[in-house]
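Open the model in your viewer and keep the selection tool at hand. The stops below say what to select next and what is there.

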Amino acid sequence: MEIVLFHSALGVRQAVRDAADRFRGAGHSVRVPDLFDGQTAGTLDDGLAIRDAIGKDELLRRAVAAVAPYSAEGLLYAGFSLGGSIAQNLALGDENARGLLLLHGTSDIAPGATADDLPVQLHVADPDVFEPHDWLTAWYLGMRRAGADPEVFRHPGVGHLYTDADFEDYDEAAAEQTWRTALDFAADVAGEGGRGPAGA
């Protein structure tokens, strides 16, 4: 299955490359667009400054351009934090999307968005200052109204980017649990074909 994996506000760090390798090791093809043109950050504040300098509209334009050659075949969209927000926006706008895997981040759901039978899995710290409980409840209900099939996995007592082994938030136990569940999700989406043409 084809997976597109979007980086967080820290850029394409080793953690992103390692995540891509996990999926490749499970037999998937993975593309990792670099929306920051090679820039990386050591702190979230620095990363958010890069994001703001580029601008959200330009980041989304770059993301759309990166996936356009492959989306017709049906993609599993995935992303870390900021990348999760971008992945969600693209998946909800792509009728061929086969699934959506969100690590540490979500996005607003546009009124009237439809995601009929789209498999969605979210992994998030509990609590998470960027993804508070009230927001997650509203997000979950919004996904259900859009027709998606969301699962939410909350990981107590960890930091926001707890899957990044080179970041201060890292939690090995929660990260490994997340990857086991995420790899199972990807395998299920690949086997069932999601809602894209590969499953027709």
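**Stop 1: helix α5**

Select Asp134 and Arg145 in α5: both are exposed, on the other side of the helix from its buried residues. Here buried means under 20% relative accessible area and exposed over 50%, with partly exposed in between (1.4 Å probe, protein chains only). Helices (H or I, at least four residues) and strands (E, at least two) are DSSP runs, numbered from the N terminus.

The model is predicted, so local features need pLDDT of at least 70 and side-chain atom pairs count only at pLDDT 80 or more, while totals for chains, interfaces and linings use all residues. Residues are numbered from 1 along each chain as its sequence is written, and side-chain values use heavy atoms, with hydrogens and water left out.

Now select the whole of α5, residues 133–146. The helix has 14 residues and reaches 20 Å from its first C-alpha to its last, close to the 20 Å expected at 1.5 Å a residue; the expected span is 1.5 Å times one less than the number of residues.

Which residues of α5 are buried? They are Leu136, Trp139, Gly142, Met143 and Ala146. Look down the axis of α5: these buried residues fall within an arc of 125 degrees, so they line one face of the helix. The arc is that of the directions from the helix axis to the C-beta atoms. An α-helix has 3.6 residues a turn, so residues three or four places apart point the same way.

Add α4, β4 (99–103), β5 (119–126) and β6 (149–156) to the selection, since the buried residues of α5 pack against these elements. Contact, here and below, means heavy atoms within 4.5 Å. Just after α5 comes Gly147, with a positive phi near 100 degrees.

**Stop 2: Trp135**

Stay in α5 and pick Trp135. At 31% relative accessibility, Trp135 counts as partly exposed. Leaving aside neighbours within four places in sequence, Trp135 is in contact with Thr106, Ser107 and Asp108. For a distance across the model, pick Leu35 as well: its C-alpha atom and that of Trp135 are separated by 26 Å, and the two residues are 100 apart along the chain.

**Stop 3: backbone exceptions**

Most residues other than glycine have a negative phi, and most peptide bonds are trans.

- Select Asp126 and Pro127: a cis peptide bond joins them, with omega about 0 degrees. Pro127 lies in the loop between β5 and α5.
- Select Asp37, in the loop between β2 (29–31) and α2. Asp37 is not a glycine, yet has a positive phi of about 50 degrees. Its relative accessible area is 59%, so Asp37 is exposed.
- Select Asp117, in the loop between β4 and β5. Asp117, also not a glycine, has a positive phi of about 65 degrees. Its relative accessible area is 60%, so Asp117 is exposed.

**Stop 4: the largest pocket**

Select Arg51, Lys56, Leu82, Ser85 and Thr106. What space do they surround? The largest pocket holds about 580 Å³, and of its 23 lining residues these five are the closest to its centre. The elements that give two or more residues to the lining are α2 (44–54), α3 (56–67) and α4 (82–92).

On a 1 Å grid over the protein atoms alone, a pocket is an open set of points with protein on both sides within 12 Å along at least five of seven lines, a cavity is a set where a 1.4 Å probe fits but cannot get out, and lining residues have an atom within 4 Å of a point. Grid points are joined across faces, edges and corners, and a volume is the space filled by probe spheres set on the points.

**Stop 5: the cavity and Ser8**

How many cavities of 30 Å³ or more are there? The count comes to one. The largest cavity has a volume of about 70 Å³. Select its lining: Ser8, Leu10, Gly11, Arg13, Ala15, Val16, Phe80, His104, Leu161, Thr163 and Asp164.

Finish on Ser8, in the loop between β1 (2–6) and α1 (14–25). Is Ser8 buried or exposed? At 6% relative accessibility, Ser8 counts as buried. Not counting residues up to four places away in sequence, Ser8 touches Phe36, Phe80, Ser81, Leu82, Gly83 and Leu161.
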